[in-house]
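Hello,

Here is the structure I promised to pass on. Please have a look at it first, and then read on for what turned up in it.

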2 protein chains.
Amino acid sequence: MAITVDYRWMIPPLGAEVVHSYRARVRAVHEDLTARRRAGKLPFYDLPRQDLSGIEGYVERMKGGFKTLVVLGIGGSSLGLLSLNAALRTPFPALEPSPRLVVLDNVDPVRVGSFLDALDPRETLLNVITKSGDTAETMASFLVFRKWFTDALGAKSAAERMVATTDRKKGALRKIVDEGGLASFEVPDGVGGRFSVLTPVGLLPAALLGIDIRGLLSGAAAMDGRLASGELAENPAYFGAVLHRVAYREGRRISVMFAYSDQLFLLADWYRQLWAESLGKRFALDGSVAAVGPTPVKALGVTDQHSQVQLYKEGPDDKVYTFLAVEKFSRTIPIPAAGAGLDAIGYLGGHTLNELFAAERRATEVALSRAGRPVSRIVFPEVTAHNVGEYYHLLEVMTVAAGALFGIDPLDQPGVEEGKQYAYGIMGRPGYEEKRRELEKTAAGEPRLLFGPPENA
Amino acid sequence: MAITVDYRWMIPPLGAEVVHSYRARVRAVHEDLTARRRAGKLPFYDLPRQDLSGIEGYVERMKGGFKTLVVLGIGGSSLGLLSLNAALRTPFPALEPSPRLVVLDNVDPVRVGSFLDALDPRETLLNVITKSGDTAETMASFLVFRKWFTDALGAKSAAERMVATTDRKKGALRKIVDEGGLASFEVPDGVGGRFSVLTPVGLLPAALLGIDIRGLLSGAAAMDGRLASGELAENPAYFGAVLHRVAYREGRRISVMFAYSDQLFLLADWYRQLWAESLGKRFALDGSVAAVGPTPVKALGVTDQHSQVQLYKEGPDDKVYTFLAVEKFSRTIPIPAAGAGLDAIGYLGGHTLNELFAAERRATEVALSRAGRPVSRIVFPEVTAHNVGEYYHLLEVMTVAAGALFGIDPLDQPGVEEGKQYAYGIMGRPGYEEKRRELEKTAAGEPRLLFGPPENA
């Protein structure tokens, strides 16, 4: 069964006329995307038809040889896998089945230290993932783990417990792979991190964890077929891009993805990177200053009804909502009767948690909709690999289409470069001395705005 | 050691003149808050000086009698505890020490079912928390767990494994406590959920987990002392409230809390409810329509540098940033040398992950600051109960002060009522039939905006 995309509650607040005025623009965007796809410039489109034999062969060889898979990667190298694992294995780290997954996508020393203490190198397989091969956080963690393996097992056995996913030729990690004889996989040319979940970046660790990667690709391929039309009214990805563009123009600059499913919550986190990094841009394609970009926010139903819905319903009308819904969960939990004299909760007994969960979602959608907020919905018949594959492809195509409508390049990320250079400067990387001086010169501002500890503390 | 609040990088983008123009207004707010505090209308202020003997006595009696603490609660009844547990025990559910904590703050049937399977009723203690005693999600989960305990242990032993935290007199849960002889604690009158972390709501489960609750209160009391002045320039809570008010007025409607610490990340989630539910209001105090409220967003450093910073730096200037920093972590992790010929990562060796982590934070702060974005910082010398207690009190006072500056009531949440009533209607609660009909009548919009599965699927 396929996912359903429901925009019926979007039009009243946004207006049919302005949305349909984008028809010609959408046809032009479609022609441009199609031409670039044919020219091989947008290879993410064709990932559903890739050859999986390399991944499947490696997974077969490693089967049963590890109890924990440690993944070192950050941003596009971790968010896809995290969302896959939560959706298709478990969203609860305390209940990880074997082999368990540990993703170290932060260099907080408490995180790295705590997991190093808890892991056994003889039962651990490490997948280090960085497209450039030079990412500071990932490579620093890798150096820590390489030594940890080597100290425990010796260099040869250590090498057998590490597999790298990186650029075909470039970067420090590729060099380490070549010199150390590590197994490795390639990040295909032209596929950026945030579009890479269906490359070996996401598929290799997913397959090592037993996730149905063929199901993922079949879902993505099926969605690709549903997005073949350049007609606005026939293409849910383009329609979504237009709705978000219109919402943004009207001052709804926050895009809330409200997942009513613990399993789907990290799909909202994956979307958060995809949308923010693709559309948040200073320069337009014509070189003018645009400084655009909706801010994606993830929320969890019903939990965030008791945290964010007060603001969503009564605060400023500056948001657009996408609910993620599931029709059939893998569990059904009956609610027992409360007993006599408990009128205020008597209505619950005889229902199921499933019914309560669905009622809360429906009630929240309607309450927001009646308050004039634009609400859309993506419905998963069940949480399957096929449905998740559909979701990724739908959102990726929506993102490149939205990039065109915003007039920016959705595939670059120039804004993270300056911060990296300052960090290099502080860390003493040769060539970045000037950046360090620049940072040290940055005025700290008025000292009386520093509220330090009281003098007697 | 006390936390430091650093606003030095806020003034250049916001302007000193406009900020200081709030001096008289702040004095008036201070007088009003002080008067209401003295009249007993703002009891959260005086929680640091509460009597802990009831909690400590119960904890002493239960000591060693359970391996898992299950907490049923949602919103203000779970977010405080979750932030405490992450900061002061572990932020990693897979590494929970004993007794481990399981918080069921969602009614996703997959969550409840998965944990029911994994738990043993003979080793589980249940703390059910709802101020009203009627919260649908919490009480539905409670009915499920009460039956689960009773089926396994019989009614008498089941009652010994459950403790309730609820209103002194009202609600279905209080009735269940009285009739079933359950142990119970009170949510003090006049303390709303989002201000309740330092009541038995947060303190009882925290103490059951071995967290230093006296340290928490000492920190909150110390911060209370630091917030005694009504002078803007001397009070970091009021100063922060003014800075956020000014930022919002100028179109910076998103408040990002960027935690550079896995342990502190859920303090940002706690803040997310506090800020959204307190300040997101349709009506001003004078009854006029305000529809105000900043949108709080949580981010995790360094992880979100690879997801959100592109947008933060290059996108619209519509955000204000609060970094959470830690000076001294409980772990130090050295980075081994990369080896010869790996110039691009050679600078890492000889440093520590701690240094890299701090460098990334500093670099991101400066990059945002130089892009003209308002950046503030709360620095924890270490992550201790005392420091966390300071943080809660600082933010709670900042919130009530911000409420006054926004001209709304920060203590109510009328906007969640309608959604609850629709949910009651769907679930068949007597008296809500009209709400159900209203919901059913809500027009679904144009059917052609429903992109369902293709016909051959």
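A turn of 180° with a shift of 0.0 Å along the axis lays chain B on chain A, with an RMSD of 0.0 Å. That is the relation of a two-fold axis. Within chain B, B:Ala94 has the C-alpha nearest this axis, at 2.1 Å. Please keep in mind throughout that this is a predicted model.

Next, the contact between the chains. Chain A and chain B each bring residues to it: 131 from chain A and 131 from chain B. On the chain B side that touches chain A, helix H16 (residues 353-370) of chain B gives the largest share, with 14 residues. Sorted by class, that side of chain B holds 67 nonpolar, 34 polar and 30 charged residues. Of the interface residues of chain B, 100% are also interface residues in chain A, so the copies meet through the same surface.

One residue to click on here is B:Pro109, which sits in helix H6 (residues 109-118) of chain B. Is B:Pro109 buried or exposed? B:Pro109 counts as buried because 24 other C-beta atoms lie within 10 Å, and the cut-off for a buried residue is 20 or more. Apart from neighbours within four places in sequence, B:Pro109 is in contact with A:Phe329, A:Arg331, A:Thr332, A:Ile333, A:Leu353, A:Asn354 and A:Phe357. In its own chain, B:Pro109 lies 32 residues from B:Ser141 in sequence, and the two are 9.8 Å apart in space, C-alpha to C-alpha.

The buried residues of H6(B) are B:Pro109 together with B:Val110, B:Arg111 and B:Val112. What lies over them? The cover for these buried residues of H6(B) includes helix H16 (353-370) of chain A, along with strand S3 (100-104) and helix H7 (136-153) of chain B.

The chains also share a sheet. This is an open sheet of six strands with mixed pairing, in the order S13(A)-S1(B)-S12(B)-S11(B)-S7(B)-S10(B). Its edge strands are S13 of chain A and strand S10 (295-300) of chain B, each of which pairs on one side only. Where the chains join, strand S13 (residues 450-451) of chain A runs antiparallel to strand S1 (residues 4-6) of chain B, with two bridges between them. A:Leu450 has B:Asp6 as its bridge partner in S1(B). One step further along, S1(B) pairs with strand S12 (residues 375-380) of chain B, in the antiparallel sense and over three bridges. There B:Asp6 turns up again, standing opposite B:Arg377 in S12(B).

Now to chain A on its own. The domain assignment divides chain A into domain 1 (4-37 + 217-406) and domain 2 (43-211). Taken over C-alpha atoms, the centres of these two domains of chain A are separated by 30 Å. Between them, 22 residues of domain 1 of chain A are in contact with 21 residues of domain 2 of chain A. On the domain 1 side of chain A, helix H11 (213-226), helix H13 (265-279) and helix H17 (385-406) each supply at least two of the residues that touch domain 2. H13(A) gives the largest share of that side, nine residues. By class, the side of domain 1 of chain A that touches domain 2 has 13 nonpolar, three polar and six charged residues.

A run of parallel pairings in chain A is worth a look too. Strand S2 (residues 68-72) of chain A pairs in the parallel sense with strand S4 (residues 124-130) of chain A, over five bridges. In this pairing A:Thr68 has A:Thr124 as its bridge partner in S4(A). S4(A) is mostly covered, with six of its seven residues buried. S4(A) is also joined to S5(A) by five bridges, and these strands run parallel; here A:Asn127 stands opposite A:Val163 in S5(A).

From there, strand S5 (residues 162-166) of chain A pairs with strand S6 (residues 183-186) of chain A, in the parallel sense over four bridges. A:Ala164 finds its bridge partner in S6(A) at A:Ser184. Which hand does the connection take? S5(A), helix H9 (residues 172-180) of chain A and S6(A) form a right-handed β-α-β unit.

Happy to talk any of this through.

Best wishes

Definitions and conventions: Residues numbered from 1 in each chain as written. Chains lettered and ligands numbered in written order. Predicted model: local features only at pLDDT ≥ 70, side-chain atom pairs only at ≥ 80, totals over all residues. Pairing = 2+ DSSP bridges. Right-handed = clockwise from strand over helix to strand, strands pointing away. Contact = placed C-beta atoms within 7 Å. Nonpolar A, V, L, I, M, F, W, Y, C, P; charged D, E, K, R; others polar. Least-squares fit on C-alpha atoms with pLDDT ≥ 70 in both. Buried ≥ 20, exposed ≤ 12 C-beta atoms within 10 Å, placed from the backbone. Domains from an automatic or database assignment.
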